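Here is a walk through one protein model, taken a piece at a time. Keep the sequence and the 3D view open as you read.

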Amino acid sequence: MPATMTALFGGTGPEWEAREVPVPEVGRGQVLVRVRAAALNNADASVLAAADPTAGGTGEEYCAGYEFAGEIAAIGADVSGVSVGERVMGTQPRSFAQYVLADHRHVLRIPDTIGPEEAASLPTGLLTEHGALQLGAFRAGQSVLITGATSAIGLLGVQIAKVLGASTVVGTTRTASKEALLVSAGADVVVVGPGDSLTEEVLEATGGQGVDVVLDHVGGRLFAACLPATRVEGHLVNIGRLDRAESTINLDHLSSRHLHLRGVSFGFGRPAELGAVLAGLVPEVIPAVADGRIRPVVDEVFPLDRAAAAVERLRTGQALGKIVLAVP
């Protein structure tokens, strides 16, 4: 194993800076993974901007990245069930590097049917969407509304809902040209546009009852429109704020329909909780990845030394699916 590695750091300017730093030493309960691919998330661009000292940012330096795939290079004490050389994907800060230290509970075996670029695109989306469906008390045979469904994470949500037995999946997109993408992912109904007709179209698709579960990635006005589009005693789970964090809702819709409202963010502050959410993927979701029923949409793969081009692609908001870094 080499003594040093290349890693990407933010906090010095508008782009990440490649540095040669020591390979971390594996500790108790950890695995050291030789990273082969790492995926970008929307948070990568916002965190990079917030730390940029040339544009009024904090100037606090950090090693970037949250999502990776590779093979286990070393195993710490008190770790069982994995072995050196095994291919794994996972979620962990500081993953834009040739090696990443991860809590052993935060990695999953990669099915033999997919490569590292696809695998790196999966962990955050799988755990978030499956975890949100669980929080929404989803059961097979129920209907699901997914807003912002053509985002990389939303596309996984559509596929997971269908794999778990959703009767009807309604997906939203602002762009008519993306309707076919949603249908190919498994959406039964696609609502196109800014959301002015969302409530009416969802009620029409569900016989006037509304959906059982909403996974909202948009926030803002669209979130407010989801309330009257949800059945009595239904569940709404807010995941993201692609529009904005503020939303003015009609409390009559919330109370008269007896709705259950939850917010979710599976962060790294509670390792055991995140480990449990990842473990929940193993019975049904990971087998569906292995047999092709769930597949990430990869927009483009950039080499690590072209990370600036990768984050610029992310900033455009035009990517169809995940943007991935190939790590040499």
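Let's start with Arg94, which is partly exposed at a relative accessible area of 45%; buried means under 20% relative accessible area, exposed over 50%, and partly exposed in between (1.4 Å probe, protein chains only). This is a predicted model, where local features need pLDDT of at least 70, side-chain atom pairs count only at pLDDT 80 or more, and totals for chains, interfaces and linings use all residues. Residues are numbered from 1 along each chain as its sequence is written, and side-chain values use heavy atoms, with hydrogens and water left out.

Back to Arg94: its phi is near 70°, a positive value in a residue other than glycine. You'll find Arg94 in the loop between β6 and β7. For the labels, helices (H or I, at least four residues) and strands (E, at least two) are DSSP runs, numbered from the N terminus. Glu233 also has a positive phi, about 70°, without being a glycine. That residue is in strand β13 (residues 230-238) and counts as partly exposed at 36% relative accessibility.

**Rings and charges**

The loop between β6 and β7 comes up again with the rings. The structure holds 1 aromatic pair, made by Trp16 and Phe96, edge-to-face at 5.2 Å centre to centre with 80° between the planes. Rings of Phe, Tyr and Trp (its six-membered ring) pair if their centres lie within 6.5 Å; planes under 30 degrees apart count as stacked, over 60 as edge-to-face and the rest as tilted. Trp16 lies in the loop between β1 (4-10) and β2 (17-22), and Phe96 in the loop between β6 (87-91) and β7, so the pair ties together parts that are 80 residues apart in sequence. Both Trp16 and Phe96 are buried.

Two arginines sit over ring faces. The rule is that NZ of Lys or CZ of Arg is within 6 Å of the ring centre and within 35 degrees of the ring normal.

| Charge | Ring | Distance from ring centre |
|---|---|---|
| Arg19 | Phe9 | 4.6 Å |
| Arg34 | Tyr99 | 5.6 Å |

Phe9 has another role to look at: its bridge partner in β4 is Cys63. β1 and β4 run antiparallel and are joined by 2 bridges; two strands pair if DSSP finds at least two bridges between them. They belong to an open sheet of 3 strands, in the order β2-β1-β4, with antiparallel pairing. β2 and β4 (62-63) stand at the edges with a single partner strand each, so one side of each has no neighbour in the sheet.

**The parallel sheet**

Now for the other sheet. It has 6 strands in the order β11-β10-β9-β12-β13-β14, open and paired in parallel. At the edges are β11 (189-192) and β14 (260-263), each pairing on one side only. From one strand to the next, the twist averages 15°.

Ile146 is a handy place to see the pairing: it stands opposite Gly171 in β10 and opposite Leu215 in β12. Strand β9 (residues 143-146) is joined to β10 (residues 168-173) by 4 bridges, while β9 and β12 pair over 3 bridges. Moving on, 5 bridges join β12 to β13, with Val213 opposite His235. How much of β12 is buried? That strand is mostly covered, with 6 of its 6 residues buried.

Helices lie across this sheet as well. α4 (residues 152-163) crosses β9 and β10, at about 175° to β9. α6 (residues 198-205) lies across β9, β10, β11 and β12 (211-216), at about 165° to β11. Axes are lines fitted to C-alpha atoms, for helices over the stretch in contact, and angles run from 0 to 180 degrees between N-to-C directions.

**Cores and a buried histidine**

The largest nonpolar core has 46 residues, and those with the most contacts inside it are Leu126, Leu133, Val144 and Leu215. Such a core is a set of buried Ala, Val, Leu, Ile, Met, Phe, Trp, Tyr and Cys residues joined through side-chain atoms within 4.5 Å. α4 gives the most to this core, with 5 residues. A second, separate core of 28 residues includes Leu8, Leu40, Ala310 and Leu325.

Leu215 touches, among others beyond four places in sequence, Leu133, Val144, Ile146 and Ile239; contact means heavy atoms within 4.5 Å.

Lastly, His106 sits in the loop between β7 (99-103) and β8 (107-109) and counts as buried at 2% relative accessibility. Beyond four places in sequence, its contacts include Met89, Thr91, Pro271 and Leu278.
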